[in-house]
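Q: I am new to this structure and would like to learn how to read its features. Could we go through them together?

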Amino acid sequence: MNLQLNFKSGKPVYLQIVDQVKAAAASGALRSGEPLPSIRPLAEELRVNRNTIAKAYDELESQGVIETLQGKG
């Protein structure tokens, strides 16, 4: 999954991640059961704080878009 962030857009980074993951799921680019990248490597790749990724994943889980399984990634 290739996420593109725009730090000058004025939209919070975590919401940009949420929107892009939801769009990937809706378009079929992200299939059901396919694991998302772990928080730490994704944060390093995107050059953002780990808490930003965690907040995005929490938001996606609360919306029912993703399901997190402890120890499974």
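Q: Which residues in helix 1 meet which residues in helix 3?

A: Happy to help, and please keep in mind that this is a predicted model. From helix 1, the residues in contact are Val 13, Tyr 14, Ile 17, Val 18, Val 21 and Lys 22, and they meet Thr 52, Ile 53, Lys 55, Ala 56, Glu 59 and Leu 60 of helix 3. Sorted by character, the residues of this contact are eight nonpolar, one polar and three charged.

Q: How do helix 1 and helix 3 pack, in angle and in distance between their axes?

A: The general idea is that two packed helices are described by the angle between their axes and the distance between the axes. Here, helix 1 (residues 13–27) and helix 3 (residues 50–62) pack at about 45°, and their axes are 8 Å apart. The two helices are therefore oblique to each other. Helix 1 passes helix 3 in a right-handed crossing.

Q: At what angle do the axes of helix 2 and helix 3 cross?

A: We can read this pair in the same way. The axes of helix 2 and helix 3 cross at roughly 120° and come within 8 Å. That makes helix 2 oblique to helix 3. The crossing of helix 2 past helix 3 is right-handed. In this contact, Ile 39, Arg 40, Leu 42, Ala 43 and Leu 46 of helix 2 meet Arg 50, Ile 53, Ala 54 and Tyr 57 of helix 3. These residues divide into seven nonpolar, no polar and two charged.

Q: Which residues in helix 2 are buried, and which are exposed on its other side?

A: Let us look around the helix axis. Leu 42, Ala 43 and Leu 46 are the buried ones in helix 2. They lie on the same side of helix 2 because they cover an arc of only 100° around the axis. On the other side of helix 2, you will find Arg 40, Glu 44 and Glu 45 exposed. Helix 1 and helix 3 are among the elements that cover the buried residues of helix 2.

Q: What is the phi of Arg 47, the residue that follows helix 2?

A: As background, most residues other than glycine have a negative phi. In this model, Arg 47 has a positive phi, near 60°, although Arg 47 is not a glycine. Its place is the loop between helix 2 (39–46) and helix 3.

Q: Is Arg 47 buried or exposed?

A: Arg 47 counts as exposed, because its relative accessibility is 75%, and the cut-off for exposed is over 50%.

Technical notes
Residues are numbered from 1 along each chain as its sequence is written. This is a predicted model: local features need pLDDT of at least 70, side-chain atom pairs count only at pLDDT 80 or more; totals for chains, interfaces and linings use all residues. Side-chain values use heavy atoms; hydrogens and water are left out. Axes are lines fitted to C-alpha atoms, for helices over the stretch in contact, and angles run from 0 to 180 degrees between N-to-C directions. Helices (H or I, at least four residues) and strands (E, at least two) are DSSP runs, numbered from the N terminus. Angles under 35 degrees count as roughly parallel, over 145 as roughly antiparallel, 65 to 115 as roughly perpendicular and the rest as oblique. A crossing is left-handed if the near helix is turned anticlockwise from the far one by less than a right angle, and right-handed if clockwise. Contact means heavy atoms within 4.5 Å. Ala, Val, Leu, Ile, Met, Phe, Trp, Tyr, Cys and Pro count as nonpolar, Asp, Glu, Lys and Arg as charged, and the others, Gly among them, as polar. Buried means under 20% relative accessible area, exposed over 50%, partly exposed in between (1.4 Å probe, protein chains only). The arc is that of the directions from the helix axis to the C-beta atoms.
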